[in-house]
Each structure stands twice: as C-alpha cells, then as structure tokens.
Amino acid sequence: MINKLVVLALLVLGTVGTLFSKDYKDNYIQYKPVQLSAAEKQILKESLDKLHDRYDPQEKMLTKTLTGWNYHTDAESGVYHEVRGSLNYAVGLLDLGEKQYEQRAFDIIKKVISLQDTVSTNKTAGIWPYYMEEPLTTKKSPADWNWADFNGVSLLDIYMGHQAKLPEDLKSMIRTSLIYAAKSIQKRNVQPGYTNIAIMGTYMTYMTSHLFDLPDMKVYAKNRLDNFYDYTLKRGFTEYNSPTYTVVALDELDRMKRHIVDKDAKQKIEALYNTAWEVVAQHYHKPTGQWAGPHSRAYSSLLMPTVYGIFKEASNGKVDLPGAMARNDVKVKHQIPAQLMPYFLSPKYPRTQQDVLSIDDPKIIGTTYLTDKYALSTANRSSLWNQRRPFLAYWGTPEKPHYLQVRFLHDLYDFSSASFYSEQKENNVLAAINFLTNGGDKHISIDKLKDGKFRAKDLRLRFEFGNVPVDQLALPQSVNDVVTERIDGLNFTLQLYQAAFGDHKGYWEKGGDEKASWLDFVLYKGAEKDIDLTTMNEAVLGFAFNLSDTKPAKMKAPVVSKSGESLSASWQGLGVEANIKPMPQPKNL
C-alpha cells in the first residue's frame, strides 16, 4: 500500500518515469535522461576543460573578469561570480556524466538557487542578479527580468535530464525555483514582439506548469503560444533577421519540438521553426558565408564559428564553412528544411530580398541586395544602437570575409540616440542620420538621455571596414568630397551631402586596428563638455553610397531641400527625409 502511494505521489509530480532512467511522456510533454554519444561528450569535455580553472570551490561558482561597461551591472572592472554562466557550467557537468563532477554540479545549483529572489511581494521575485556580488536588493543598475527565462531553461534541463542523479532535497529546491521563475515570467507577460524572450518564456511556463500541475499557468502558457503563433504569422519576427536572437529562437523552438507533444501545439511550433529558418536562408550569402543584413540585433558584424557549426550540422555537412565550431549545448539539434537548402547550396544572384519588418506605420522595410561579389543591406528606419546593423555590406570569401558597417559613436561607443533613415535600390543607398532628445545613450532603454543633455569628449560618424588595412583607405579632401575606396576589386563610393551638428564643424580622419579600419567624420574631439541637443537648430547628417564591381560613374550630388524642420534629399531615383532638429523618439526605430 505504501509503495503504491509513493508511486502515485511521484506521478503527480510528473517524475516517476525518469527516476528509473526511463522516458516520460503524457499527452502534453515528454522528456528523457540525457545520454550523449562519445563524440558529443568529447565536444562538451573540451568546452568544460576551458572553464574548470574559473571555478571557485569556496563560493561554488564560476568567476568572470569584467573589463568594461555592461548592461544591468554596476561594476565595470574586477572579478565577479556569475550566475548564468555557473548554472550553464553545472548543466554541462551533469550532461558529461562523469561521477567526479556530480557533487560540484549539485553545489553550484544550490548556490545559484540561493541567489534567486524568493520574496513574493518583491517586484523582482523569481529572478536573479547577474553576479553574486551585486544582489538585487542593493544594485543600482536595472534588474534583468530575462534571467528568469534563461536560468529557468537551464534548471529545466537539469530537472528533466538528470532525475536519477539528483538528490531528493535538490529536486525539491529546483521545483520551487522553477515555479518562482515561471510565476515571474507569467506576471511580466512579455508580449510577442520580444521574439526570443516571448518564445523562451512560453517554453518555461508550458513545461513548468505541466511538470508540476499548475492549472492557471497551463492555460496561460497555451494562450501565450497561440498568441505568439498568430502574431508571427501576421507580422514575422519583430527581432528581425538577428544572427544572435534568431538562433536563440531556433534553439528554444527545438526544445519545444523535443518536449511538447500536444498535437495542436506541435504543429504551431513546427511552423514557427520553419519560419525562423526561412529568415536565415533568405539572407544567407554563399560567396562570403555570412548572414546578410539588416540585423535587428547582433553582437558582432561577422558570424561566430558556432553559427558556422549550426549550419554544418543543420545541413548534414553540406554547408561546411572554414572554422566551423560545435556548440557547448550538444543536445540542441537543428535541421534546415529541405525546401530552403537551395538558398545555401545553389543560390541565384543577383537577387533583391525585401521584407516588411514592421507592418505598423511607419513601416520598417529591410532591403538586401545579394550578388556573387557582395551583399549590401539597409533598414529604412532604425537606431544606431550597438546591436543594430541598419547599413551593412559583406564581400570577400568564407576564409576571409569583410564588412562595412555605419556607426555613430559617443566617446567611441555606439550612440543609441542616433537614428538612421534610408532608401536602397540594388547597389545604391541614400541615407540620413538625426538625433533623439529622449533616446538612449549606450542602450536604447536603460540609460536614456535627460532633456537631450549628455557629456562628451568625442562624437563621430564612422564607416567601419572589417578585415581591411587602414592603408587601403583614401581620405576625402573636404567635408562633401566624393571618395571611392578601391578594395578587393570593388569600388565603395561615398559622399557626405549633409553635415550639421549645432555649431560644430566636422572633419575627416582615418584609423584602424588589427580587426578593422575606419573612415570617420569627426564632429567633436576635445575636453569633455556638455552637449544639449534641445538647443541645436540643426543636427542631421546625410550620405549617398554606391557599391560596384565595375568602374563607378562620376557620382552626382544628391538634391537637398529643407522645409520647416524637415530635410529631404533625392538621388538616383531614391528619396529620404529626416528631421533637421533633434526630436523626441518616434515609433519603430
């Protein structure tokens, strides 16, 4: 009788199957113990070997050395104990399956869970700080609610994949922690436009509610999946064409495919997964092996070797780019839909890919022109936040790709209050840049300007050429001089047709380092001083650009007119408009 009651209790918790190292499946979810192949274990072992030296046995966490400004963190330098990295390390240790690391993993999990805010009346209930040294109760920078999603997914990996190993007290701690995190996600209720977190939070609440029989959350998670599906079907991914977060979306949709078995949900997940791969395929540039822009969010202008690794695995080895590297999470498996493989293997060039990236007025339009020599892309409206890539060109080879990116820098860091507007037709782009009085500085929302004021010792518009030596760049002779950069048999022709920033008179200079060179139009360089955008009658920049593999014709200057507070420019059948004076932030940047 007692044994039957124990089994019944375990069934209620949804854990009985894997307690005995068997698969678990009901009408909604399924999971099974992690069992890696020898090759997968080797990949994981090599990754973990790089982390062992960072493990602090006293604090039972990984250390991380900070060397500059970071989102959601007060400190900019020093050694700190990181929450998310430590939990991911614990997942890897358990997945590896070596007995010698089990206790270390258990210790890390307990320590990380102890740092979660579990005071239900707190605004931050259910989430974690970035670092042990910056508890949520005392940190000055904003908390990151996404940590409920990211750390929750890791805890689900542990709970579902390692039931037979986990001590009973730790299972109970994980269960409680997951519920706190899932309730935080439900309370926050991220809308479907926040693509990667919308997907991740759906997965977290769906799995947690079914694992631990939370009826209200089951309803919430189902509705959230339905809403995200309907929204994306109509609008596409709001975090459009992102080498970072489209990959995150694919990863989380893969988790859903593996763990959610409800028939209706599964069909929607499969459709979303195909949609994400369609975004990747339509922007893949085979001659360079790069993911062409425009990018809504990216942390690098060139693809990381791990993305090459995804392409290789997902194409069954048919897309094999130099330096492809397998990722640490070997459990995630991708497959490019068969109908999309021609984009990767036998693309037709030249081709223009144009996408409506936001259907709400004013619409965001992405244009990508792909040829067998280069890919040139723009968004018609965007910010110049350091994660955005509204103007991006690629050329070269998979062995040595190059890029051209337009940036606006405040003290040599991307200035989020610089806005970008453009129109593109094939290899021609007409663009304008203006400024916001209430936009962000380093981030679009965390550190917004107050009344258009900030301090600066350097302000510049940068044309950055990746993997190009500085001695290959020619310098314009005057502010509005047409310049053609001749690089690798291509001609990059540029003219700055408008250059106004209050009473600052700009000039051109060039520079470079081991990774890139740049052509900068410097608006100010000197002692740090106050800048007040609200007092400027005119602060707008504009340029015309042509990229060609033939000798360019003499560039005609754009026709520019000003009416009231608006500047209009036309050139080669293209047109662009922008506010002359700095302005409050409009929609859809």
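## Two oblique helices

Helix 6 and helix 8 are oblique to each other, a term for angles that are not under 35 degrees (roughly parallel), over 145 (roughly antiparallel) or 65 to 115 (roughly perpendicular). Their axes cross at roughly 45° and come within 9 Å; axes are lines fitted to C-alpha atoms, for helices over the stretch in contact, and angles run from 0 to 180 degrees between N-to-C directions. Helix 6 covers residues 146-161 and helix 8 residues 195-211. Helices (H or I, at least four residues) and strands (E, at least two) are DSSP runs, numbered from the N terminus.

The model is predicted: local features need pLDDT of at least 70, side-chain atom pairs count only at pLDDT 80 or more, and totals for chains, interfaces and linings use all residues. Residues are numbered from 1 along each chain as its sequence is written, and side-chain values use heavy atoms, with hydrogens and water left out.

## The contact between the helices

The crossing of helix 6 and helix 8 is left-handed, meaning that the near helix is turned anticlockwise from the far one by less than a right angle. Among the residues that make the contact are Phe150, Val153 and Leu156 of helix 6 and Ile197, Met200 and Met204 of helix 8. Contact requires heavy atoms within 4.5 Å.

The contact residues comprise twelve nonpolar, five polar and one charged. Here Ala, Val, Leu, Ile, Met, Phe, Trp, Tyr, Cys and Pro count as nonpolar, Asp, Glu, Lys and Arg as charged, and the others, Gly among them, as polar.

## A buried threonine

Helix 8 also contains threonine 205. This threonine 205 is buried, with a relative accessible area of 0%; buried means under 20% (1.4 Å probe, protein chains only). Apart from neighbours within four places in sequence, threonine 205 touches Ala182, Ile185, Gln186, Met217, Tyr220 and Ala221.

## Two open sheets

One open sheet has three antiparallel strands in the order 3-4-5. Its edge strands, each pairing on one side only, are strand 3 (55-56) and strand 5 (78-82). Strand 3 is joined to strand 4 (residues 61-66) by two bridges; strands pair if DSSP finds at least two bridges between them. Aspartate 56 lies opposite methionine 61 of strand 4.

Another open sheet, also of three strands with antiparallel pairing, follows the order 23-24-25. Strand 23 (559-563) and strand 25 (574-579) form its edges, and the twist averages 15° from one strand to the next. Six bridges link strand 24 (residues 566-571) to strand 25, and serine 566 faces asparagine 579 of strand 25.

Definitions and conventions
Buried < 20%, exposed > 50% of the residue type's maximum accessible area, 1.4 Å probe, protein only.
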